[in-house]
Amino acid sequence: MSIHRRVLLATNRRHHPRRLYFPMGKPPPRRLHASLASVQPSFAQPLPPTAPLQQQPFGTPKAETGTSAYQLPERRRRRWEETPIVTPLSKYQEMVKNGTLRKDEHQHTIVEKLQALHDQLRNYEQPPVTDVVVRTPTFLQRLFGSQAEPLPDSPLDLPKGLYLYGDVGTGKTMLMDLFYLTLPPNITRKSRVHFHAFMIDVFKRMHAFKASNPPGADPVMPIARDLAKESTVVCFDEFQVTDIAVAMILRRLLECMIKFGVVFIMTSNRHPTMLYKNGIQRSSFVPAIDLLMREFDVTDLDSGTDYRKIPRALSNVYFHPLTPEHTKEIEKVFDALTAHDGPVVPDKQIEVWGRRLKIPESSDNIAKFTFAELCGRPLSAADYLEVTKQFNTVFVLDVPKLDLGQKDLARRFITFIDACYENHTKLFVTSEVPIYQIFSDDASQATKEKSDHMRSVMDELGISDQQIGTTSIFTGEEEIFAFARACSRLIQMGTKEWAMTAGHEDKHAMIL
């Protein structure tokens, strides 16, 4: 370059300090590196929003020496991932602080167990569950009860499951929801399900398996494998065994899923040793009890505080007796709620297990039945669970007082109440007598002495003689417990607290 050219460039720089002159029109290497950074591959996950850049003082370096431009977003992502996450203990402490929960030292101890399991799950990775060809067991394998496919060893770092048991009103459902809703973010495959609904799904899978495989093929292992692929953590609410079919397959199903790396958390009203008590062929269920005692941390929730006995204001959702005035009033409530919930249509059909179930009258999220339409037909738990899943508010009209000759109807109504409770459904009822007395004996039989078991169950559930009276419909221990629990739940579902939180899309989150 000539001397005249150099002088001209220097003069221009003094008069135009913001203009940059590059010899031969080439940018310096720093600009070249920035251009290369702009074409680096994008990250697998979208970056979190960042705060607007603040003006830095003059002379402050924008990045440390040796840091290239494409490393800065990764630093921002690391800072974002290090943000504290919600845990069972932090959420519980927050709820106690804001008055949502009462301080309970025993309950706090249970939450610490949930926190310990939460911490283990943060570093847990379920091993891959591989597919295998289904083989038909040989004659000798069927004869001696061995399996065509050997079970794998349990993962070495598999966290021990939790089995939480206690009477009604000890906060089992709240603790289950607390744990499930605060699971660490690395647990992406998870499920929270009522145990009854889970077993319905298992039997449905067994039916499909037997229809598509040769006779004699064992369905338990393939079904356990599929369930293990779907969920790393499974939360069972209301774990109970009242059916011989469930008792026969439960041990193998749970054992297989644990071997495949599934972590279970269960709540129940019974200690494992009290499950399926006096049931048919209970000896076949004893190995399942041994499995629960060996693989789970069995914890009693009873702290001496019954949260359902804490007085709560009642909500106007139950109407009795059956009078024209109450019929008009319930119709007004139905019209008001459906006015903003889509058109009301007759005979809408929903699918349950490949068949059609007719809903007499419904809008998008609200359904209405008479008692005869709901319980006078041979409907199952699967039907009621599907109804309460699809409709967050259900009206049941003209519920009569039931007697010994209507035991089947009473059982179906109890199953329906359990489905409403599990799905946190808002319930409106018109009945001949107070709804939690529809199973009770007439006044002429009120002097009948209660059995010791009946009194024990009523004490457990926190209900009194004045509330439900006596009943001759139910006699067995499990039947009496189911009846008393349904009455207790009907009382709870009639409170303002239930009415305010029921019918929400994220029903379990609303509890918290």
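A residue counts as buried when its relative accessible area is under 20%, as exposed when that area is over 50%, and as partly exposed in between. Keep these cut-offs at hand for the exercises below. The structure is a predicted model.

**Exercise 1. Place Q126 in the fold.**

Task: Find out where Q126 lies, decide whether Q126 is buried or exposed, and list the residues that Q126 is in contact with beyond its sequence neighbours.

Solution:
- Step 1. Start with the secondary structure: Q126 sits in the loop between α5 (105-122) and α6 (139-144).
- Step 2. Apply the cut-off. The relative accessible area of Q126 is 10%, so Q126 is buried.
- Step 3. Look for partners, leaving aside neighbours within four places in sequence. Q126 is in contact with R189, A228, S231, T232, F260, G261 and V262.
- Step 4. Check a distance. Q126 and V263 are 137 residues apart along the chain, and their C-alpha atoms are separated by 9.2 Å.

**Exercise 2. Compare the cut-offs on four more residues.**

Task: Say for R356, D347, D398 and I491 whether each is buried, partly exposed or exposed.

Solution:
- Step 1. R356 belongs to strand β8 (residues 355-362). Its relative accessibility is 55%, so R356 counts as exposed.
- Step 2. R356 still has partners: not counting residues up to four places away in sequence, R356 touches Q349, I350 and E351. Measuring from C-alpha to C-alpha, R356 and D383 are 9.9 Å apart in space and 27 residues apart in sequence.
- Step 3. D347 is part of strand β7 (residues 345-352). With 42% relative accessibility, D347 counts as partly exposed.
- Step 4. D398 is found in strand β10 (residues 393-399). D398 has a relative accessible area of 42%, so D398 is partly exposed.
- Step 5. I491 lies in helix α18. At 19% relative accessibility, I491 counts as buried, because the cut-off for buried is under 20%. I491 and Y436 are 55 residues apart in sequence, with 7.0 Å between their C-alpha atoms.

**Exercise 3. Look at the backbone.**

Task: Which two residues are joined by a cis peptide bond, and what is phi at D347 and at D398?

Solution:
- Step 1. The cis peptide bond joins H320 and P321, with omega about -5°. P321 is in the loop between β6 (318-319) and α12 (324-338).
- Step 2. D347 is not a glycine, yet D347 has a positive phi of about 55°.
- Step 3. D398, also a residue other than glycine, has a positive phi near 60°.

**Exercise 4. Describe how α14 packs.**

Task: Work out whether α14 is largely enclosed, and describe how α14 packs with α15.

Solution:
- Step 1. Count the buried residues. Eight of the 10 residues of α14 are buried, so α14 is largely enclosed by the rest of the structure.
- Step 2. Name them: A381, A382, D383, Y384, L385, E386, V387 and T388.
- Step 3. Turn to the packing. Helix α14 (residues 381-390) and helix α15 (residues 407-422) have axes 9 Å apart, at an angle of about 40°. Their crossing is right-handed.
- Step 4. Find the residues that meet. From α14 come A381, Y384, L385 and T388, and from α15 come R412, T415, F416, A419 and C420.
- Step 5. Sort this contact by class: there are six nonpolar, two polar and one charged residues.

**Exercise 5. Explore the largest pocket.**

Task: Describe the volume of the largest pocket, the residues nearest its centre, and the helices that help to line the pocket.

Solution:
- Step 1. The volume of the largest pocket is about 1,100 Å³.
- Step 2. Its lining has 40 residues, and H196, Q240, T242, D243 and T415 lie nearest its centre.
- Step 3. At least two lining residues each come from α8 (195-212), α10 (244-259), α14, α15 and α18 (477-493).
- Step 4. By class, the lining has 20 nonpolar, eight polar and 12 charged residues.

**Exercise 6. Step back to the whole chain.**

Task: How many helices and strands does the protein chain have, and what share of its residues counts as buried?

Solution:
- Step 1. The protein chain has 20 helices and 11 strands.
- Step 2. Of its 512 residues, 42% count as buried.
- Step 3. Consider contacts between residues at least 6 apart in sequence: 79% of these join residues at least 24 apart.

Notes: Residues are numbered from 1 along each chain as its sequence is written. This is a predicted model: local features need pLDDT of at least 70, side-chain atom pairs count only at pLDDT 80 or more; totals for chains, interfaces and linings use all residues. Side-chain values use heavy atoms; hydrogens and water are left out. Helices (H or I, at least four residues) and strands (E, at least two) are DSSP runs, numbered from the N terminus. Buried means under 20% relative accessible area, exposed over 50%, partly exposed in between (1.4 Å probe, protein chains only). Contact means heavy atoms within 4.5 Å. Axes are lines fitted to C-alpha atoms, for helices over the stretch in contact, and angles run from 0 to 180 degrees between N-to-C directions. A crossing is left-handed if the near helix is turned anticlockwise from the far one by less than a right angle, and right-handed if clockwise. Ala, Val, Leu, Ile, Met, Phe, Trp, Tyr, Cys and Pro count as nonpolar, Asp, Glu, Lys and Arg as charged, and the others, Gly among them, as polar. On a 1 Å grid over the protein atoms alone, a cavity is a set of points where a 1.4 Å probe fits but cannot get out, and a pocket is an open set with protein on both sides within 12 Å along at least five of seven lines; lining residues have an atom within 4 Å of a point. Grid points are joined across faces, edges and corners, and a volume is the space filled by probe spheres set on the points.
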